[in-house]
Amino acid sequence: MNSLDKERLITREELIQFGLQYLQGVGTSYICNVCISNGGSCCMNCSHLEDGKGCKQRNTSCTSWLCGLLKFLFYEAGLLEEWEHFWEQVPGRAFRQDYTPPVVPIQKGIQIPNIQSLGQAFAKDLARLTKKHNNLDYIITLNNELDRYVTRLSIYNDFETLEEAKTELEKLTWGFYSFRLALQDYRNR
Ligand code: SF4
Ligand code: SF4
């Protein structure tokens with residue numbers, strides 16, 4: 001299944017697999033690898049996490065959830081809105097678990113992107129900057145701040161708040177040179 005472009009019934013398991021394929025298409029695994037190896041994992045202390053194996057209980061909630069780093073990537077790639085609207089169709093998402101029914105009607109589908117190079121470039125910058133900052137809290141703080149400002153851009157309308165959020169995002173991601181280049185390339189396609 002490469003896309004969900006028609007109204008149809010989708011099983012919960014298909015939704016999770018589709019979400020994972022979409023994330024793969026954006027290259028998020030490169031970023032997660034850097035984040036996890038530097039202590040920023042969002043799965044920390046979760047009872048469903050198995051040492052050396054990963055998540056034992058994949059669910060629609062964790063699949064659809066985006067941390068600040070991924071939210072910023074999706075925002076810059078112009079995919080955040082479609083991703084959020086897609087998952088709004090899926091009921092029963094909760095914290096680290098779901099109550100999603102076995103089958104869900106999906107009215108509006110989305111196409112799996114093929115922009116792994118964006119995630120890869122972001123991860124490259126993140127690894128370099130993490131090393132440079134040499135501070136265990138760097139990734140966690142960056143993640144929280146990106147989440148805060150991208151969320152503001154998504155929900156607020158007033159000019160001042162939007163301008164402030166854009167300026168803060170520029171400051172936070174100053175130094176993400178590889179990502180900026182990859183983004184320019186992607187936008188010029
Ligand atoms: S916090 Fe974000 S980048 Fe880190 S492991 Fe979780 S989803 Fe991946
Ligand atoms: S349930 Fe969610 S938070 Fe827990 S290990 Fe799985 S993906 Fe990570």
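In this predicted model, helix 2 provides the largest share of the shell around ligand 1, namely four residues. Helix 4 joins helix 2 here, since each of the two supplies at least two residues of that shell. The full set around ligand 1 is Ile31, Cys32, Cys35, Ile36, Gly40, Ser41, Cys42, Cys67, Leu69, Leu70 and Asn143. Ligand 2 has its own surroundings, made up of Cys43, Cys46, His48, Leu49, Cys55, Gln57, Asn59, Cys62 and Arg96.

The table gives the make-up of the two shells.

| Shell | Nonpolar residues | Polar residues | Charged residues |
|---|---|---|---|
| Ligand 1 | eight | three | none |
| Ligand 2 | five | three | one |

**Overall form**

The protein contains nine helices and six strands. Its radius of gyration is 17 Å, close to the 16 Å that the globule rule gives for 189 residues, so the protein is as compact as a globular protein of that length. The C-alpha trace spans about 45 × 40 × 30 Å along the principal axes. Buried residues account for 31% of the 189 in the protein. Among contacts between residues at least 6 apart in sequence, 78% link residues at least 24 apart.

**Helix 4**

Helix 4 covers residues 68-77, and ten of its ten residues are buried. Those buried residues are Gly68, Leu69, Leu70, Lys71, Phe72, Leu73, Phe74, Tyr75, Glu76 and Ala77. They pack against helix 1 (12-26), helix 2 (28-37), helix 5 (80-88), helix 6 (116-133), helix 7 (138-155) and helix 9 (177-187). After helix 4 comes Gly78, with a positive phi near 75°.

**The nonpolar core**

In soluble globular proteins, nonpolar side chains tend to be buried together. The largest nonpolar core of this model has 38 residues, and the members that touch the most others are Val26, Ile31, Leu69, Leu73, Phe74 and Phe122. At least two residues of this core come from each of helix 1, helix 2, helix 4, helix 5, helix 6, helix 7 and helix 9. The largest contribution is that of helix 4, with seven residues.

Two of these core members, Ile31 and Leu69, also belong to the residues around ligand 1. Val26, another of the core members named above, touches Leu73, Phe74, Ala77, Leu79, Pro113, Ile115, Leu118 and Gly119, leaving aside residues up to four places away in sequence. Among these partners, Leu73, Phe74 and Ala77 are buried residues of helix 4.

Note on methods: Residues are numbered from 1 along each chain as its sequence is written. Chains are lettered from A and ligands numbered from 1 in the order in which they are written. This is a predicted model: local features need pLDDT of at least 70, side-chain atom pairs count only at pLDDT 80 or more; totals for chains, interfaces and linings use all residues. A residue is near a molecule or strand if its C-beta atom, placed from the backbone, lies within 6 Å of it. Ala, Val, Leu, Ile, Met, Phe, Trp, Tyr, Cys and Pro count as nonpolar, Asp, Glu, Lys and Arg as charged, and the others, Gly among them, as polar. The radius of gyration is taken over C-alpha atoms; the globule rule is 2.2 Å times the number of residues to the power 0.38. A residue is buried if 20 or more other C-beta atoms lie within 10 Å of its own, exposed if 12 or fewer, and partly exposed in between; C-beta atoms are placed from the backbone. Two residues are in contact if their C-beta atoms, placed from the backbone, lie within 7 Å. A nonpolar core is a set of buried Ala, Val, Leu, Ile, Met, Phe, Trp, Tyr and Cys residues joined through C-beta atoms within 7 Å.
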